[in-house]
Amino acid sequence: GPESTHPLSSLDGFVDRSFELLGLPHIWASQSTELFRALLWAQVFLAAVTALFPSPPLCATNWFLYFSLCLRNTWLFFILDRYFHFFLLISIFTSSPSPLVGVLAGRIQLLWIYLDAGYGKVTDPLRGWTTSPVPGRLPALDSYTRHTYGARVMYTLLGSEGLKHMTPAVAWAEVVLAPLAILASLAGYKRTQATCVLALMGLHVGIAMTLNNTVLLGGVACSALCLLLPTSHVERRYDTGRHVSVVSTIAVVAIAAACLFYELSPLTADCSQDTSILPFLLNNRWNVFTSSETYVTWEIAPGLLRSGNIVDIWSGGDVSYDLPGSGAPCTSTARRGRWRSFPYLKEPNSEAEKHALWQYLCTEWNTKNDDELLKFNFFMLQADVLPEMEFGPTIKRKIIEWDCWHGIEVVESEVEEKKNKDKDKEEKENENEMEREEKRGENKFPVQGKITKKTLGGYKIINEL
């Protein structure tokens, strides 16, 4: 929505002016939802035209528009956006009449991506990508691949022991396959080259099937890997004997040098993604998922409507504190993609920032529904990752209580805060007692789907809305 599309006015004194310059098209269009959607459709049409008739001006325009789109919200620049940023930039050179420099830049970029990602995994001090992680942690694949039906199928076929041994194989595949593909290309071993590239593509397909919100990322990664394929078209078009563009060479070397300077120079150590343009342009690190998860999180937002009904305005359904999903427990069924980061964008520093962030949920609900939202609580829920595809009991943490009518945060008094802490402590003790009873076999109810006093306590908080 327009309310969350531009660095907030309270930050204007600290924000790099280049945000406004490079983000001008989408910041300007964000003043109107219809205008913004029209710009997005125009962007999609331009991307389709560029795919059919690639040229440096069209590729440069695509890169600029995508970069402008990312600057609408400075905290939502993820690994997917980094892929688009660098490979749209490289496409400017690969679409030129002398594309050799662009292709070499693309292959070097791919080499760096997999070396950086793989090295971070194999050197994890917690040994998350080995068969024997530190106590309290599971092998990375056992902790990540849980939330889709594809993950459940893989677990059924391999079991925890199979996932344990598959974990280091995935990490070392990232380290080894990309360098091996490039060496095979230089030596003329096209079959080995193709095998390495197809194996990397298969890795991304597997990730897309077993992890939520990774399908688009996998598609972009597989598209980029086409630069490494030894097809006759590629080898003929990018033969090393062709003319090398001096301008392209200078541009690519300058970009690479700038990325290296950003990473190593103490002058850029304090550059924040909130206030500087440099992290968007030059951050070229890919060391994500470098260890195993110890817990999963999800969110709910029970809200009080004018009719007196209580609904979860985050999912639009009934309020439930259980781990969402059935068959394949999923921590992102309510809202996918970038919405998952909404409540964790940035710790608000002022009332103006809080209002811009949380009042949006009120506006969103009241725009779509006749029953007016008066106020809501926003909770982050957490459950530990346990062996055998199991999860621990739910832990609840209230992020904020927001009054939509007045547009302000509801702050508890010290007496109420102490009362709620005592209540949480009592609920925790009761929950521990119930768990001890279950272990002794004294509980008459099945463990799965049990209703604990922790859950009931959550509903007490709702009733107090």
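## A cluster of aromatic rings

In this predicted model, ring pairs link Trp63, Phe67, Phe77 and Phe280 into a cluster. The structure as a whole contains 13 aromatic pairs. A pair of aromatic rings is described by the distance of the centres and the angle of the planes. For Phe77 and Phe280, the centres are 4.9 Å apart and the planes stand at 70 degrees, so this pair is edge-to-face; the angle required for that class is over 60 degrees.

The two partners come from separate places in the chain. Phe77 belongs to the loop between α4 (56-70) and α5 (79-94), whereas Phe280 belongs to helix α13 (residues 278-282). The pair therefore ties together parts that are 203 residues apart in sequence. Both rings belong to buried residues: the relative accessible area is 5% for Phe77 and 0% for Phe280.

## A stacked pair within one helix

Tyr83 and Phe87 form an aromatic pair with another geometry, for their rings are stacked. Their centres are 5.9 Å apart, and the angle between the planes is 20 degrees. Stacking requires planes under 30 degrees apart, so the value of 20 degrees qualifies.

Tyr83 and Phe87 are 4 residues apart in helix α5, and therefore about one helical turn separates them. Tyr83 counts as buried at 5% relative accessibility, and Phe87 counts as buried at 13%.

## Lysines over ring faces

Two lysines are placed over aromatic rings. Lys121 lies over the face of Trp129, at 5.4 Å from the ring centre. Lys396 lies over the face of Phe379, at 5.5 Å from the ring centre.

## The disulfide and other cysteines

How many disulfides does a search of the whole structure find? The search finds 1. A disulfide is a covalent bond between the sulfur atoms of two cysteines. Here the bond joins Cys362 to Cys404, with an S to S distance of 2.0 Å. The torsion about this S-S bond is about -70 degrees, so the disulfide of Cys362 and Cys404 is left-handed. Cys362 is in helix α14 (residues 351-368), and Cys404 is in the loop between β6 (395-403) and β7 (408-409). The disulfide thus links distant parts of the chain, 42 residues apart. Both Cys362 and Cys404 are buried.

Cys222, by contrast, is in no disulfide. The nearest cysteine sulfur to Cys222 is that of Cys226, 7.8 Å away, while a disulfide requires sulfur atoms within 2.5 Å. Cys222 is nevertheless buried, with a relative accessible area of 16%. Cys259 is also buried, at 10%.

## The two sides of helix α3

Helix α3 (residues 33-52) has 20 residues, which should span 28 Å at 1.5 Å a residue. The end C-alpha atoms are 29 Å apart, in agreement with that expectation.

Which residues of α3 are buried? They are Phe36, Leu39, Gln43, Leu46 and Thr50. These residues cover an arc of only 75 degrees around the axis, which means that they lie on the same side of α3. The buried residues of α3 pack against α2 (24-29) and α4. On the other side of α3, Glu34, Arg37, Trp41, Phe45, Ala51 and Leu52 are exposed.

## The surroundings of Thr210

Thr210 is found in helix α9 (residues 190-210). At 8% relative accessibility, Thr210 counts as buried, because the limit for burial is 20%. Leaving aside residues up to four places away in sequence, Thr210 touches several residues, among them Tyr144, Arg146, His147 and Met154.

Definitions and conventions. Residues numbered from 1 in each chain as written. Predicted model: local features only at pLDDT ≥ 70, side-chain atom pairs only at ≥ 80, totals over all residues. Heavy atoms only, no water. Phe/Tyr/Trp six-rings, centres within 6.5 Å; stacked < 30°, edge-to-face > 60°. Helix = DSSP H or I, 4+ residues; strand = E, 2+ residues; numbered from the N terminus. Buried < 20%, exposed > 50% of the residue type's maximum accessible area, 1.4 Å probe, protein only. Lys NZ or Arg CZ within 6 Å of the ring centre and 35° of its normal. Contact = heavy atoms within 4.5 Å. Expected span 1.5 Å × (residues − 1). Arc of directions from axis to C-beta.
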